[in-house]
Amino acid sequence: LEGLWADTRVAVGDHVVVIGTGDFSKAKSGDFSKAAHSSQLVVHPDRFLSASRISESFRCVRSTVLGELVRDNDTGESAVVGKMVHTVFQAMLAERNQSRAFIEKAATHAVSLEV
């Protein structure tokens, strides 16, 4: 990779996705230099990184990587509550419904998934 993507760590076999409206006319030959200016390169899009982990990486990259490698089984109370809140928020966005009745129904469903 070159240009804006020159520092991106990508190896043969890595799964990547290019998102954007860049010039992909030379992409088949492996030239993404024009595409990079108006596109984003996502390496390993199948891996989930929480916003908390990303924000921690600015402070110490090694700590974040080690935290991912040696993380607990996420069964703590805060992990369960966080997952339920995420489920409710996703439902609100998907249905475009922020009514109290809908939130209560989504919350009840989220709790039933965790019990």
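**Notes on helices α3 and α4**

1. Start with A110: leaving aside neighbours within four places in sequence, A110 is in contact (heavy atoms within 4.5 Å) with M84, T87 and V88. Bear in mind that this is a predicted model, where local features need pLDDT of at least 70, side-chain atom pairs count only at pLDDT 80 or more, and totals for chains, interfaces and linings use all residues. Residues are numbered from 1 along each chain as its sequence is written, and side-chain values use heavy atoms, with hydrogens and water left out.

2. A110 belongs to the largest nonpolar core, six residues in all, together with M84, V88, M92, F102 and A106. Such a core is a set of buried Ala, Val, Leu, Ile, Met, Phe, Trp, Tyr and Cys residues joined through side-chain atoms within 4.5 Å. Helices α3 and α4 each supply at least two of its residues; helices here are DSSP runs (H or I, at least four residues), numbered from the N terminus.

3. Now for α3. Its buried residues (under 20% relative accessible area, 1.4 Å probe, protein chains only) are M84, V88 and M92. Seen down the axis of α3, they fall within an arc of 80 degrees (taken from the directions from the axis to the C-beta atoms), so they line one face of the helix. They pack against α4 (100-114). On the other side of α3, S78, K83 and A94 are exposed (over 50%).

4. There's one salt bridge in the structure (a side-chain nitrogen of Lys or Arg within 4 Å of a carboxyl oxygen of Asp or Glu). R100 forms it with E104, their closest N and O atoms being 3.1 Å apart. Both lie in α4, four residues apart.
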